[in-house]
Every structure is written in structure tokens, then in C-alpha cells.
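Trainee: I am new to this structure and would be grateful for a close look at one part of it. Could you take me through the surroundings of the ligand and the strands beside them?

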Amino acid sequence: MSRAPVDLTAQDSLDVLRGVLGPIVAQGPIVRRPSMTARAERRQSDRRSAVVLDALRERCDGAPLVLRLGPRRLVILTEPDDVARVLDGSPEPFTPASREKVAALRQFQPDGVIVSSAAERRRRRPLNERTLASGQTVHPAGESVVEQVARIAAEITGTVRMSGLLDADMFAAAHWRLVRTVTLGEAAHNDERLTARLNALRRAGNWSYLRPVRRRLRAAFAEQVREHVERAEPGTLAAAGREAAAALAAQEPDAEGLFDVASQVPHWLFAFDAAGIATLRALAVVAARPRVSERVLDELASAGHGATVLPYARACVLESVRLWPTTLVVLRDSTEPTSWDGRTLPAGTGFAVVSSYSHRDRSRHDLGDRFVPEAWLDGRADADRALVPFSAGPAACAGRDVVLLTASHLLARIAGLGLDVDRGEHLAHDPLPRTVDHHGLRFRLGARADRSLGTAV
Ligand code: HEM
């Protein structure tokens, strides 16, 4: 049942700022700051955040919680129906182009769909959906995508067999090669400067409107992306984007120049980073749990070659982003006054879903702190409107399916190494830690058999 939004007292607001929003901002909403994610894990900051929100939710009987931030109001939603109302109401009256997001993302994707006006979104959203084949478990370019995954998995497994070690930095470097190739093609495979530029712009984006736009760097990055998009070979997302743009422009000749793929690519590159983080955390749990690992490997072994769907490995990745969401907070701004159970909030009010809190809410199901990939296979997770690792509604993640295809295949192939994860005792059993710093994950070749699937295509 919906309830009128409740204004937080000064003390409650301070608790939310310190215990909930502060750690999110400190970790870096656009690119993580390793020293801060390490600190967040040491302090288990998501546990502290849940304590604050649990208390307020109980006291306010689940009503939306209104926080004053100077002239601006931010409403924190804790009930699934309220989350669903706002996400289903995107892009109007609840736009994803919230003030903070626009200010942060303009550093590298000023024309991305997520920060677009409703009018621009009418062209950009279909371009993204068509390119990324939203809603299709296997992307039309799936064979090439999985071939690239197998190639990178082989590189990783080859290196790990020699060094005996896999750490987050090595994984990230390999994952970026994969992302650049899948998105932009072979010429981008080793283009580390592209990633370095993107990450420098993301670091500026962490400061939202406190940091002026790095225009020269942004222009150089955009130019580099555009060159790659023009030369990208078939089988890449950029080539799929060129085709999608041409098809959409043919349907709407007056709008031809508005279907611009290169302006959407920065979001894809940026968002693939989250896929790497989710895969690494899933790998940590798989490595710590022999039964999960067996099932992942059996599934891959019986799946056959190529771009097959790996439902269980997919579910492990989904469980990773449920337990440790990579979008720390999903934000919307109202585009008109919002009437909410007898109270009216002005246009421009911010609405926030704190994913790490909503995803572990035990009041609705018993998933909580447990690792239950089965919940993504039997409909339990889908039935919960507050489980939103890829957001929900008309502005939900357009890349969900291509991410899950890529990440599930990578996970399954690296799992074949039979790695042991350091500090695995924390991941081997439920309850799982609330906060896991992916930068700190380290794996070693263990005594378990290497099932040598790393090189399977
Ligand atoms: C684990 C990986 C990923 C996760 C967890 C994820 C999650 C999300 C979430 C939560 C949003 C909504 C954000 C908001 O409303 O503020 C979003 C938006 C979006 N994502 Fe992803 N994403 C991932 C990877 C990707 C990738 C790799 C792509 C593209 C290749 C992609 C494409 C998009 C697009 C285009 C949007 C904007 C949708 C719109 O505003 O209409 N995502 N994603």
C-alpha cells in the first residue's frame, strides 16, 4: 500500500547522508575509487546503510522518505510498489536524466540515451534497443561475441596457468580488451588509450556538477570512438548500430542525422565495466562453492559450441548483481508535480532506489544474503519489483541480454580453471557479506582439477 511521503528530521537526514548516500558517493558512482571500495568493504558499509534504512522504514511504515538537500528534495523509495511506480513511469513523469546523472555523464556521453530529453529519447532508445537486441537472449552477433569471449578466456587461462594467480587488475585489463573488440572490433582490441581516456572522463564524472567538463579530452575521446565506429567490422556492436541507424532512418527520413551510433557507444563501453565487476564477483562465489562450480561447468560442457544460452551461469551473474549491485543507486527526477497519496511534490524532485538495500529485503522473500541463482530460473526474482539490478520499465538497461550472454560465457570458461579464491571462507557459505570490494579479489590455481574449458569455443 502506498503512503504519503514523510519528511525526514534533521537527525534522520544526517543519518541517511552519512550512512547511506555518503558511502555511495565516496566509492564513486561513475567509476569506483579503489581506496574507497576497500574501505567500504572493511566497514561493510551496505550493512550500516541497511540498518539506517530498516529503522526509518519501520518508523515511517514504508512511506517514501523525503530528504532535503538544499533547495532540492530526494525521495528514497523502500517499497516495491513505489519502486515500480517510478521506474514504470519513465521517462515521463520520471526521467532517468536526473540532475546529478546529467552532470556526471556529460563528461563522456552528453548525448547518451540515459541523459536525453524525452524528444531525443524517442530516437535514441530504439537505436539502442535495436543495436543491443534488447529482449533477445542471443544477440544476432552472438557467435562473434562468444568467439571473442572464448579468445579472452583462453588468454586469461593461459596466463593463470603460468603464473598461478588471477587478480582484479589482470582480469580488468583482459576484460577491457574483450569489451573493446566486441563493441568496436579488432582495431580497438589493444587501444588502451581509448579506455584510459574514458576512465579519466569517468573520474571527472564522479564529481558530478562540482567538476567542469573536460572538453578537450571529451572531444579527443569522441573522435577516437567515431573512427572506430566507422571501421568496425561485421559482428561488432558498432556495426550492428550502423545497420540499426540506417534501418531507423529509412523509416523516418526526416530524422536521419538523429540516429547517431557513435554518440551512444560511450555508454556501452562505460557500462561493460560493470559487467566485468559482476563477472568477477560471480567467479569468486563459484570458486568458493564446489557444487555451484560443478553445475556451471556441466552446463557449459553440455551446451555445445558457439552462442548457446547458459541459463545457470546467467543466473549466477544475475545473482551477483542482486547481491552486489553495480548501479549503486537508481535515480529519477520528476518532470511535473507528483501527487503521492495526498501529498504533492514539486517538479524536479529526485527519486532514489538504493539497490543494495532493496535487493536484500527479507520482508518479501528469503533470498536476502543467500546465493540463490535458482531464483532467476523459477520466476521468484522476476516477481519482485524491487529487484532492479538492470533497472526496470521503459528506460531499463538496454544491454541486459548482451551483457548476460557475454558474462555467462566468460564466467563459465574461467570457472574451468578450478580456481581457489582468497578469503573464500566468507563466500563459501551464506550469509554472504553485504559489501565485497571487487578490486580486492584474488584467485589461485588450486588443487581442484582444471577442466580445461577455458579454450573451448
Ligand atoms: C552488469 C552490467 C550492467 C548492469 C548491471 C547495467 C544496469 C543498468 C541500469 C541499472 C540502468 C539504468 C540506470 C538508470 O536508470 O540510472 C542501465 C541503463 C542502460 N544500460 Fe545498462 N547495465 C549493464 C551493462 C550495460 C551494457 C554493457 C550496455 C551496452 C552494451 C548497457 C546499456 C544500457 C543503456 C543504453 C542504458 C540506458 C537506458 C535508457 O536510459 O533508456 N548496459 N543499465
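Mentor: What follows treats the shell around the ligand, then a pair of neighbouring topics, the strands and the cavities.

Please bear in mind from the outset that this is a predicted model. The ligand has 26 residues around it, and those that come nearest are K101, R121, R125, R332 and C397. Two of these residues also appear among the polar contacts. The side chain of K101 places a polar atom 2.6 Å from an oxygen atom of the ligand. For R125, an N or O atom of the side chain is 2.7 Å from a ligand oxygen atom. A further contact involves a nitrogen atom of the ligand, which lies 3.3 Å from a polar side-chain atom of H267. Three elements give two or more residues each to this shell, namely α6 (118–132), α12 (265–288) and β6. Of the elements, α12 contributes the most, with six residues. By class, the shell consists of 16 nonpolar, six polar and four charged residues.

R332 leads from the ligand to the strands. This residue, one of those that come nearest to the ligand, stands opposite F351 in β9. Strand β6, covering residues 329–334, is joined to β9 by five bridges, and the two run antiparallel. Strand β9 also pairs with β3 (residues 72–77), here in the parallel sense and over four bridges. In that pairing, L74 is found opposite G350 of β9.

How far is β9 itself covered, and on which faces? The strand spans residues 350–354, and five of its five residues are buried. On one side these are G350, A352 and V354, and on the other F351 and V353, so both faces are covered, where buried means under 20% relative accessible area.

The cavities complete the account. Two cavities of 30 Å³ or more are found in a search of the whole structure. The largest of them holds about 240 Å³ of space. Its lining is made up of 23 residues, with Q27, D46, P325, L328 and T435 lying nearest the centre. The elements giving two or more residues to this lining are α1 (10–27), α2 (34–43) and α3 (45–59). The largest share, five residues, is provided by α1. Sorted by class, the lining of the largest cavity contains ten nonpolar, eight polar and five charged residues.

Definitions and conventions: Residues numbered from 1 in each chain as written. Predicted model: local features only at pLDDT ≥ 70, side-chain atom pairs only at ≥ 80, totals over all residues. Heavy atoms only, no water. 1 Å grid on protein atoms, 1.4 Å probe; cavity = no way out; pocket = protein on both sides within 12 Å on 5 of 7 lines; lining within 4 Å. Points joined across faces, edges and corners; volume = space filled by probe spheres on them. Nonpolar A, V, L, I, M, F, W, Y, C, P; charged D, E, K, R; others polar. Buried < 20%, exposed > 50% of the residue type's maximum accessible area, 1.4 Å probe, protein only. Pairing = 2+ DSSP bridges. Near = heavy atom within 4 Å. Polar contact = N/O pair within 3.5 Å; in protein donor to acceptor, adjacent residues only side chain to side chain.
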